[in-house]
Amino acid sequence: VLGRIAPLLSQVFVLGCNDSGWLDDWRDVGDVSSGPQPLEAVYRTSWLALTRLAYLLVGDRTEAEDVVQAVFTTAAARWETIGDPSVYLRRAVVNRASDVHRRSFRAAATFVPADGSVDEPELDEVWRFVKGLPSVQRAVVVLRFYEDLSLGEIASVLGRPASTVRSDLRRALATLKGSLV
Amino acid sequence: VNDVDDLDGLERELGPGLRVALGRAAAEISDDGRTTSPWASLDARDGVAIVDLESSSQATTGRERRRRRPVIAWIVSAAVAVVVVALAVVVLSRLDAGKPADEPIEAVADSFMTAWVRGDGEGVAALMSADGSVGVWSAEMLPALHDWFRAVGAQYHDDGCEVTSPATVSCRYSLQNDLTRAVGVAPVAGTFVLVVDDGVVASVADRIDTATYHDIWAAFVQWVRTKHPADLDRMFASDASYPLVDQVSIGLWAGYVAQFSGSDAAYIARADAICTAAHNSFQDLVAASPENGTVSTDAAARIVEEALATLRAVPPPKDAQARFDVGYALLEQLVDAFRQLAANRPAPATGPDSTPSPPSPGDLANLLHQIDYLQIGLTGCAVNASR
């Protein structure tokens with residue numbers, strides 16, 4: 001599996017350093033130590049990161065945007081009580097996306113890339129198999145390998161014990177490995 | 001230790017590729033098209049942010065989104081135009097044939113539901129336009145689809161239709177099949193949205209509530225993948241999202257669903273469904289808590305206790321009896337631990353010489369880990385109220 005993916009590893013650097021790369025997505029959202037920021041400011045700085053996270057969890061841009069919009073709409077009503085927006089918003093997106101993922105299960109079959117539309121079929125294969133994981137396992141994989149969270153941080157976001165998250169991750173990776181070979 | 005090694009090895013092997021694949025997929029979402037602030041309706045009164053839910057939602061899902069993505073709007077418009085032309089051709093062809101076009105749409109919908117619930121695939125197909133479809137199924141495939149329904153013991157119940165526009169009717173239904181029965185969940189609710197034109201059904205959108213059905217389906221797919229891997233591609237299409245409905249597939253489905261129904265896997269899927277519901281209840285409490293994540297241990301105890309009662313209502317298969325005995329005992333300990341924490345009192349003595357002590361965070365974490373480690377579908381019941 002590694003052999004099939006290895007030629008593509010150079011893209012890690014490209015994506016990570018790109019202006020739109022995920023490493024920059026949370027650059028303006030994290031520091032809340034000086035007190036709650038205005039809702040609109042957080043919205044503007046975190047929309048992209050949250051929508052990308054939601055997209056990886058639901059697999060559809062429109063659904064992802066709806067998830068983020070709904071999360072902010074709900075958050076607005078209780079903004080003053082939210083201690084750490086970055087943690088709250090991420091957790092809310094994951095929870096809401098999980099519901100959407102389950103509801104849209106049947107729609108998953110419509111995800112069929114057109115012939116010739118991709119340059120690296122292996123990458124699309126990986127993404128396709130990630131989309132086929134059960135919702136919790138998919139969330140764990142995305143939070144681990146896209147958001148680069150530790151198992152403890154993932155446990156906090158998902159509200160699951162760290163040991164359970166570890167099991168979720170192991171099962172997800174075992175499934176992916178079985179699918180890719 | 002093996003568990004840790006196993007996970008570390010998997011992360012080393014798959015992590016780099018996953019990072020690239022996920023990063024590239026996420027990069028499909030850009031900030032370029034977001035030219036209009038969706039917070040036009042955001043108001044600040046007395047220092048409190050207020051959102052107009054209605055207009056906010058419309059700003060994202062309606063006109064504003066279309067303005068942001070003219071290409072998508074163009075594609076949708078083109079698709080609508082194609083559908084309109086196709087419908088016009090159908091209508092004209094039927095008018096040419098002298099077919100009456102004045103049958104009330106509710107009568108057409110009733111006929112459709114009657115035939116569907118009866119399992120009459122031919123009858124359903126006869127009510128459809130030539131290019132009509134029900135979800136992904138074309139009209140000509142509906143008889144075979146109903147053959148598959150029979151093979152898996154599907155029973156639809158008509159829960160009533162309602163005309164929602166001059167051309168559409170929404171018909172609610174509930175569905176049971178041998179998979180839902182095996183897992184012991186309630187009938188799954190859904191809605192058919194029929195578009196009726198010129199006395200025939202032009203299309204049907206099938207909106208099934210898959211929150212529960214997803215996990216049942218996934219459990220069966222995994223069971224087939226494990227027990228009968230060579231038959232997976234003979235039974236499923238589209239990454240196992242849909243069944244194949246040819247005769248070979250239907251024969252395999254009939255046999256394997258029956259096997260699955262009596263298996264440990266089905267009972268574990270049932271436990272998973274029950275514990276997932278318990279976990280969702282717990283998460284709802286977490287989301288609603290004013291302290292953003294704090295749930296009383298008493299409430300957690302009640303949730304686990306109710307789930308445990310539901311689990312025990314059906315005894316496990318003999319082969320799985322020992323594992324579930326252990327699992328249920330661990331859940332009982334979890335309930336006791338939550339109750340002790342809620343009452344802030346020490347745990348009951350386990351023997352004449354033992355010293356009572358309240359459960360520590362470490363004890364609780366160990367208990368949760370033991371429940372999860374069993375891998376029998378009880379993980380969702382191992383809620384963590386100690387955060």
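Colleague: How many helices and strands are there in chain A?

Modeller: Chain A has 9 helices and 0 strands, counting DSSP runs numbered from the N terminus (helices are H or I, at least four residues; strands are E, at least two). Its pattern along the sequence reads α-α-α-α-α-α-α-α-α. Bear in mind that this is a predicted model, where local features need pLDDT of at least 70, side-chain atom pairs count only at pLDDT 80 or more, and totals for chains, interfaces and linings use all residues. Residues are numbered from 1 along each chain as its sequence is written, chains are lettered from A in the order in which they are written, and side-chain values use heavy atoms, with hydrogens and water left out.

Colleague: Thanks! What share of the residues in chain A is buried?

Modeller: Of the 181 residues in chain A, 54% are buried. Here buried means under 20% relative accessible area, exposed means over 50%, and partly exposed is in between (1.4 Å probe, protein chains only).

Colleague: And what about helix 9 of chain A, which residues are buried there?

Modeller: The buried ones include A:V165, A:D168, A:L169, A:R170, A:L173 and A:L176.

Colleague: What span should helix 9 have, and how far apart are its end C-alpha atoms?

Modeller: Its 19 residues (162–180) should span 27 Å at 1.5 Å a residue, and the end C-alpha atoms are 27 Å apart, which agrees. The expected span is 1.5 Å times one less than the number of residues.

Colleague: New topic: how many disulfides does a search of the whole structure find?

Modeller: It finds 2 over all chains, a disulfide being a pair of cysteine sulfur atoms within 2.5 Å. One joins B:C161 to B:C171, S to S 2.1 Å. B:C161 lies in strand 5 (residues 155–165) of chain B and B:C171 in strand 6 (residues 168–176), so this pair ties together parts 10 residues apart in sequence.

Colleague: Is that disulfide right-handed or left-handed?

Modeller: Right-handed, because the torsion about the S-S bond of B:C161 and B:C171 is about 110 degrees. B:C161 is partly exposed at 30% relative accessible area, while B:C171 is buried at 0%.

Colleague: Which cysteines form the other one?

Modeller: B:C275 and B:C381, with sulfur atoms 2.0 Å apart. B:C275 sits in helix 12 (residues 264–288) of chain B and B:C381 in the segment after helix 15 (361–373), so the pair ties together parts 106 residues apart in sequence. Its S-S torsion is about -90 degrees, so this disulfide is left-handed.

Colleague: Are B:C275 and B:C381 buried or exposed?

Modeller: B:C275 is buried, at 0% relative accessibility, and B:C381 is buried at 0% too.
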